[in-house]
Amino acid sequence: MEGYEVKLDAFHGPLDLLLHLIKELEIDIYDIPMSVLTEQYMNYIQKMNALEINVASEYLVMASELLRIKSKMLLPEPPLEEFDEDPREELVTQLLDYQNYKMYSEELRQLKEEAEKYLVKAPHEFDEVYVNEELSITLSELMDAYNKVRQRVEVQSSTSFIESESYTHEDAVSFLQDQFKHSSKLSLTDLFSKDVKNHQVVQVFLTLLEFLSLNLFKVENNNNEYIFTKLKEQEEWI
C-alpha cells in the first residue's frame, strides 16, 4: 500500500482525527485494519512533533490505546471461545458514538443558521391588571350600547350623499389618542358626542374591542353607561 500523506488540519480531538483517517483511507469502520490505522495516526503525531506543535495529552493516550490493540491482535491467537471479544470493539463503539454526535451537532448548527435568518418578536409581558370579579359585561351588552350610539349618530347626521372616504384602523387609533389625551376615562356616549360619521363609529368600536382583548383598556357598567378606562400609555397602543 502506498504511503498516505496526512494534512495537518485542525481536529477536535483524537476521535475526530481517526474518523478523518478512516474516511480518507476508505476503511470499514466495523473491520478496522489496526496496523494501517495506527501507522497513519502515529504519522500525524510525528509530524506535529516535527513542526513543534504541542501534542495534547488526549492524542497520546489514544496513540497508546491504538498500539495496545494492534499488539493484542498481532499475538498468536489462543483457541477461540465462542464469545471471545474483539479488541477493537470498544474503539469502534467510541467512533460510532462520536460520529453520531458530530452528525447531530452539524444538523443543529444548520437549524440554528436557518433560524437566524428570521427576526422573531420578543414576547410581550403584560402588566398584571386588576379584574373586578363581581363585574360581568357580556359582548351582547356592549353591542347593545354600540347600536344605541350608531342610532344616535345616524339621527344627528343629515347628509344624504354617500361617503367615499375610508376610515382605517390607524385613523381609529389616532381618534382614541386624541379623545383620551386629557382623561383616562370616557363613556361610550361621550366618546362619540362629536359629529362623527357612521363608518367611523364602526371602526373605532372594533378598535376598542381589540384594545380590550389586549388589556390596553377595561370597561365598566355604571348605571347602564359603559365607561372605558385606559390601562396603558398611548405609546403602547400601536
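Contact here means heavy atoms within 4.5 Å of each other. The legends below use the word in that sense, and the model they describe is predicted.

**Figure 1. Overview of the protein chain, with 8 helices and 3 strands.** From the N terminus, the elements follow the order α-α-α-α-α-α-β-α-α-β-β. The protein chain has 238 residues, and 30% of them count as buried. Take the contacts between residues at least 6 apart in sequence: 66% of these join residues at least 24 apart.

**Figure 2. L19 of helix 1 and its contacts.** L19 sits in helix 1, which covers residues 14-24. Is L19 buried or exposed? Its relative accessibility is 12%. Buried means under 20%, so L19 counts as buried. Leaving out residues up to four places away in sequence, L19 touches I29, L95, Y98 and Q99. One of these, Q99, lies 80 residues from L19 along the chain. The C-alpha atoms of L19 and Q99 are nevertheless separated by 7.6 Å.

**Figure 3. The buried residues of helix 6 and what they pack against.** Helix 6 buries A172, V173, F175, L176, Q177 and Q179. Which elements do they pack against? The partners are strand 1, helix 7 and helix 8. An α-helix has 3.6 residues a turn, so residues three or four places apart point the same way.

**Figure 4. Helix 6 packed on helix 8.** Two packed helices are described by the angle between their axes and the distance between the axes. For helix 6 and helix 8, the angle is about 75° and the axes are 9 Å apart. Angles of 65 to 115 degrees count as roughly perpendicular, so helix 6 is roughly perpendicular to helix 8. On the helix 6 side, the contact involves H169, A172, V173, F175 and L176. On the helix 8 side are Q203, V204, T207, L208, E210 and F211. By type, the residues of this contact are 7 nonpolar, 3 polar and 1 charged.

**Figure 5. The open sheet of 3 strands.** The strand order is 1-3-2, and the pairing is antiparallel. Strand 1 (185-187) and strand 2 form the edges, each pairing on one side only. Ignoring direction, neighbouring strands are turned by 25° against each other on average. Strand 1 and strand 3 run antiparallel and are joined by 3 bridges. K185 faces T229 of strand 3 across this pairing. Helix 8 packs on the sheet and touches strand 2 and strand 3. The direction of helix 8 makes about 105° with that of strand 2. A further residue, S187, stands opposite I227 in strand 3.

**Figure 6. The hairpin of strand 2 and strand 3.** How many bridges link these two strands? Strand 2 and strand 3 pair over 6 bridges, in the antiparallel sense. F217 has K230 of strand 3 as its bridge partner. Between the strands of the hairpin lie 2 residues. N223 takes a positive phi near 55° in this hairpin. In a regular strand the side chains alternate between the two faces of the sheet.

**Figure 7. The largest nonpolar core, with 27 residues.** The residues with the most contacts inside this core are F175, L176, F180, L191, F192, F217 and F228. Which elements supply at least two residues each? They are helix 5 (139-156), helix 6 (169-179), helix 7 (188-191), helix 8 (198-213), strand 2 (217-222) and strand 3 (225-230). Helix 8 gives the largest share, 6 residues.

**Figure 8. L191 close up, and a second core.** Setting aside neighbours within four places in sequence, L191 contacts F175, L176, Q179, F180, L186 and L208. Separate from the largest core is a second one of 26 residues. Its members include L18, L37, M62 and L66.

Definitions and conventions:
Residues are numbered from 1 along each chain as its sequence is written. This is a predicted model: local features need pLDDT of at least 70, side-chain atom pairs count only at pLDDT 80 or more; totals for chains, interfaces and linings use all residues. Side-chain values use heavy atoms; hydrogens and water are left out. A nonpolar core is a set of buried Ala, Val, Leu, Ile, Met, Phe, Trp, Tyr and Cys residues joined through side-chain atoms within 4.5 Å. Buried means under 20% relative accessible area, exposed over 50%, partly exposed in between (1.4 Å probe, protein chains only). Helices (H or I, at least four residues) and strands (E, at least two) are DSSP runs, numbered from the N terminus. Axes are lines fitted to C-alpha atoms, for helices over the stretch in contact, and angles run from 0 to 180 degrees between N-to-C directions. Angles under 35 degrees count as roughly parallel, over 145 as roughly antiparallel, 65 to 115 as roughly perpendicular and the rest as oblique. Ala, Val, Leu, Ile, Met, Phe, Trp, Tyr, Cys and Pro count as nonpolar, Asp, Glu, Lys and Arg as charged, and the others, Gly among them, as polar. Two strands pair if DSSP finds at least two bridges between them.
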